[in-house]
Amino acid sequence: MKIFTLFLFMTVGVFTGFKHYICEEESTITEVELERINTRIVDIKKMISIDHKYNSKIAFLVDMKVPSGKNRFFVYDLEKNEVIDQGLVAHGSGSETGIKGMLKFSNLPNSNCTSLGKYAVGKTYKGIFGKAYRLAGLEETNNKALERAIVLHAYSAVPLEEQNYYISNSHGCPMVNEEFFKRIQKIIDSSKSNILMDIYY
């Protein structure tokens with residue numbers, strides 16, 4: 001009986017421990033990141049309420065404070081008020097400062113920098129990286145996005161899973177993993193209105 005009880009205790013411990021491990025793996029968004037997301041969502045909802053041409057159900061957020069090896073592209077359900085998907089996204093090589101954890105941003109052509117601000121995810125086209133979506137910058141900090149050919153696209157070198165080191169850089173485009181791109185592509189293609197994407201720091 002004692003052996004059976006010990007076995008039962010160990011079995012329960014293993015399974016509950018395993019469940020806890022899974023929960024920790026799934027919950028990669030920190031409280032600080034969540035606070036930052038919520039702050040940006042308030043602005044996005046305000047913008048949508050003023051201009052009804054944007055998608056009122058889904059928004060994309062990219063938190064450039066998060067290291068590139070961690071999920072920082074968030075798909076947000078504006079009706080349920082929750083993040084429904086997330087993935088890795090590269091920043092521009094020109095945004096590197098040489099100081100770990102510190103980035104710089106620019107709207108200038110040929111800067112290879114990421115530009116901060118809200119974008120409207122526009123029409124698709126086929127480029128050197130395959131299917132991509134044009135991004136129209138809606139603020140002074142990113143209004144040259146179309147001129148700079150800043151687009152949302154996939155790239156094979158961007159990993160799917162989070163890692164403890166930095167991923168490859170882009171020329172300023174938000175560049176994601178191919179599998180993650182397929183998931184967000186379905187959302188964009190099924191949307192009848194432009195989805196807003198907010199890149200912030």
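Trainee: Which residues does N107 touch, not counting residues up to four places away in sequence?

Mentor: This is a predicted model, in which local features need pLDDT of at least 70, side-chain atom pairs count only at pLDDT 80 or more, and totals for chains, interfaces and linings use all residues. Residues are numbered from 1 along each chain as its sequence is written, and side-chain values use heavy atoms, leaving out hydrogens and water. Contact here means heavy atoms within 4.5 Å. On that basis, the partners of N107 are S115, E140, T141, N142, N143, K144, A145 and R148.

Trainee: Is N107 buried or exposed?

Mentor: N107 sits in the loop between β4 (89–90) and β5 (117–127); strands (E, at least two residues) and helices (H or I, at least four) are DSSP runs numbered from the N terminus. Buried means under 20% relative accessible area, exposed over 50%, and partly exposed in between (1.4 Å probe, protein chains only). The relative accessible area of N107 is 13%, so N107 is buried.

Trainee: With which side chain does N107 make a polar contact of 2.8 Å?

Mentor: A polar contact is a pair of N or O atoms within 3.5 Å; within protein, one must be able to donate a hydrogen and the other to accept it, and residues adjacent in sequence count only if both atoms are side-chain atoms. A polar atom of the N107 side chain lies 3.2 Å from the backbone oxygen of E140. The 2.8 Å contact joins N107 to the side chain of N143.

Trainee: Let's move to the sheet. In what order do the nine strands form the open sheet?

Mentor: Two strands pair if DSSP finds at least two bridges between them. The pairing in this sheet is mixed, and the order is β3-β2-β1-β9-β5-β6-β7-β8-β4.

Trainee: And which are the edge strands?

Mentor: An edge strand here pairs on one side only. The strands that fit are β3 (82–87) and β4.

Trainee: How many bridges join β5 to β6?

Mentor: β5 and β6 form a hairpin with two residues between them. Across this pair, Y119 stands opposite G137 and A120 opposite A136. The strands run antiparallel, and the number of bridges is seven.

Trainee: Which residue stands opposite A120 in β9?

Mentor: β5 also pairs with β9 (residues 194–200), in the antiparallel sense over five bridges. In β9, the residue opposite A120 is L196.

Trainee: Do β1 and β9 run parallel or antiparallel?

Mentor: Strand β1 covers residues 54–63, and six bridges join it to β9. One pair of bridge partners is F60 with M197. These two strands run parallel.

Trainee: What about the other side of β6: which residue in β7 is the bridge partner of R134?

Mentor: β6 and β7 (residues 151–154) pair in the antiparallel sense over three bridges. The bridge partner of R134 is V151.

Trainee: Now the charges. Why does the salt bridge of R36 and D63 tie together separate parts?

Mentor: A salt bridge is a side-chain nitrogen of Lys or Arg within 4 Å of a carboxyl oxygen of Asp or Glu. For R36 and D63, the closest N and O atoms are 2.7 Å apart. The pair ties parts together because R36 lies in helix α2 (residues 31–50) and D63 in strand β1, a sequence separation of 27 residues.

Trainee: Is D63 buried or exposed?

Mentor: Its partner R36 counts as partly exposed, at 22% relative accessibility. D63 has a relative accessibility of 0%, so D63 counts as buried.

Trainee: How many residues apart in sequence are the parts that D85 and R183 tie together?

Mentor: The side chains of D85 and R183 meet in a salt bridge of 2.7 Å, N to O. D85 lies in strand β3 and R183 in helix α3 (residues 178–190), so the parts tied together are apart in sequence by 98 residues.

Trainee: One last item: which residues form the nonpolar patch on the surface?

Mentor: Patches are made of residues with over 30% relative accessible area and no salt bridge, joining like charges within 9 Å and nonpolar side chains (Val, Leu, Ile, Met, Phe, Trp, Tyr) within 5 Å. Accessible areas come from the Shrake-Rupley method with a 1.4 Å probe, and for residues only the protein chains shown count as cover. Y155, in the loop between β7 and β8 (175–176), counts as partly exposed at 31% relative accessibility. With about 340 Å² of accessible area together, the patch members are I128, F129 and Y155.
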